[in-house]
Amino acid sequence: MSAYDAAQILYDDAKDDESKAIDLVGAIVLARQGCVALARDIEAPPSPCLVNPLHGRSVVRKRVRKLEKDHGGALPRQCPLCANCRDLDKRQALDERRLLRIPGPGGHRPHTLVPGVWRETAWGAHGKTFLPRVMRYLGVD
């Protein structure tokens, strides 16, 4: 239920502000994770695909060498990947061009280069503090 609450707060805050586009992605991710948590009766659903969190839940974690440079530690060594990105990686076709791009003051850039809670937590791939960290970001205790 906390994931749903966070998603609603994010949506209300970001829906009319292009500079908070990444928070709208966060609202979608949290709503999806809330659905998975309720449907499976689990506390921590799998992280979304780190290449593009809108791809949905990850099915595997693996090292993607083509994505390791230029991200300043935003990507964990073992990246959560959806089935499609896993298959692209097997064909050596998974690279920077596949990363979700977020609009911002300097144009569109990979989501991994947008500073903030989503980058710091790698959309939940950096440990088990994702939802509590997002709630702190929102000012909710």
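Trainee: What is the relative accessible area of Arg133?

Mentor: This is a predicted model, and the value computed for Arg133 is 22%. Arg133 is therefore partly exposed, as buried means under 20%.

Trainee: Which side chain does Arg133 meet in a salt bridge?

Mentor: That of Glu120, at 2.5 Å from N to O. Glu120 belongs to helix α4 (residues 117-121), while Arg133 belongs to helix α5 (residues 130-138), so this pair ties together parts 13 residues apart in sequence. Glu120 is partly exposed too, with a relative accessible area of 48%.

Trainee: How many salt bridges does the structure hold?

Mentor: It holds 4. One of them joins Asp89 and Lys62, at 2.6 Å from N to O. Look at where the partners sit. Asp89 is in helix α3 (residues 83-90) and Lys62 is in strand β1 (residues 60-62), so the link ties together parts 27 residues apart in sequence.

Trainee: Is Asp89 buried or exposed?

Mentor: Asp89 counts as buried, at 11% relative accessibility. Its partner Lys62 is partly exposed, at 26%. Another salt bridge joins the side chains of Arg86 and Asp87, at 3.2 Å. Arg86 has a relative accessible area of 25%, which makes it partly exposed. Asp87 is partly exposed as well, at 30%.

Trainee: Now the helices. Which residues of α2 are buried?

Mentor: Among them are Ile22, Val25, Val29, Leu30 and Val36. Gln33 is also on that list, and so is Asp23.

Trainee: How far apart are the end C-alpha atoms of α2?

Mentor: They are 29 Å apart. Now test that against the expected span. At 1.5 Å a residue, the 20 residues of α2 should span 28 Å, so the two values agree.

Trainee: Where does Asp23 lie, and with which residues is it in contact?

Mentor: Asp23 lies in α2, which runs over residues 21-40. Its relative accessible area is 3%, so it is buried. Set aside its neighbours within four places in sequence. Asp23 is then in contact with Leu10, Ala14, Trp118 and Tyr137. Take Tyr137: it is 114 residues from Asp23 in sequence, yet the C-alpha atoms are 11 Å apart in space.

Trainee: How many residues does the largest nonpolar core have?

Mentor: Start with the general idea. In soluble globular proteins, nonpolar side chains tend to be buried together. Here the largest nonpolar core has 33 residues. Leu30, Val51, Leu94 and Trp118 have the most contacts inside it. The elements giving two or more residues to this core are α1 (2-14), α2, β2 (79-81), α3, α4 and α5. The most comes from α2, with 6 residues.

Trainee: Trp118 again. Which residue forms an aromatic pair with Trp118 that is stacked?

Mentor: First, how to read such a pair. A pair of aromatic rings is described by the distance of the centres and the angle of the planes. The count here comes to 2 aromatic pairs. In one of them, Trp118 is stacked with Trp123, at 4.9 Å centre to centre and 20° between the planes. Both Trp118 and Trp123 are buried. Together with Phe130 they form one aromatic cluster.

Trainee: How many disulfides does a search of the whole structure find?

Mentor: It finds 0. Cys49 is in no disulfide, since its nearest cysteine sulfur, in Cys85, is 3.7 Å away and a disulfide needs sulfur atoms within 2.5 Å. Cys49 is buried, at 0% relative accessibility. For Cys82, the closest cysteine sulfur is also in Cys85, at 3.7 Å, which is too far for a bond. Cys82 is buried, at 6%.

Trainee: One last feature: phi. Which residue just after α2 takes a positive phi?

Mentor: The general idea is simple. Most residues other than glycine have a negative phi. Asp41, just after α2, has a positive phi of about 55°. Gln92 is not a glycine either, and its phi is positive, about 60°. Gln92 sits in the loop between α3 and β3 (101-102).

Trainee: Where is Ala122, and what is its phi?

Mentor: Ala122 is in the loop between α4 and α5. Its phi is positive, about 50°, though it is not a glycine. Now compare accessibility. Ala122 is buried, at 1%, whereas Gln92 is exposed, at 55%.

Notes. Residues numbered from 1 in each chain as written. Predicted model: local features only at pLDDT ≥ 70, side-chain atom pairs only at ≥ 80, totals over all residues. Heavy atoms only, no water. Phe/Tyr/Trp six-rings, centres within 6.5 Å; stacked < 30°, edge-to-face > 60°. Buried < 20%, exposed > 50% of the residue type's maximum accessible area, 1.4 Å probe, protein only. Helix = DSSP H or I, 4+ residues; strand = E, 2+ residues; numbered from the N terminus. Contact = heavy atoms within 4.5 Å. Expected span 1.5 Å × (residues − 1). Core = buried A, V, L, I, M, F, W, Y, C linked by side-chain atoms within 4.5 Å.
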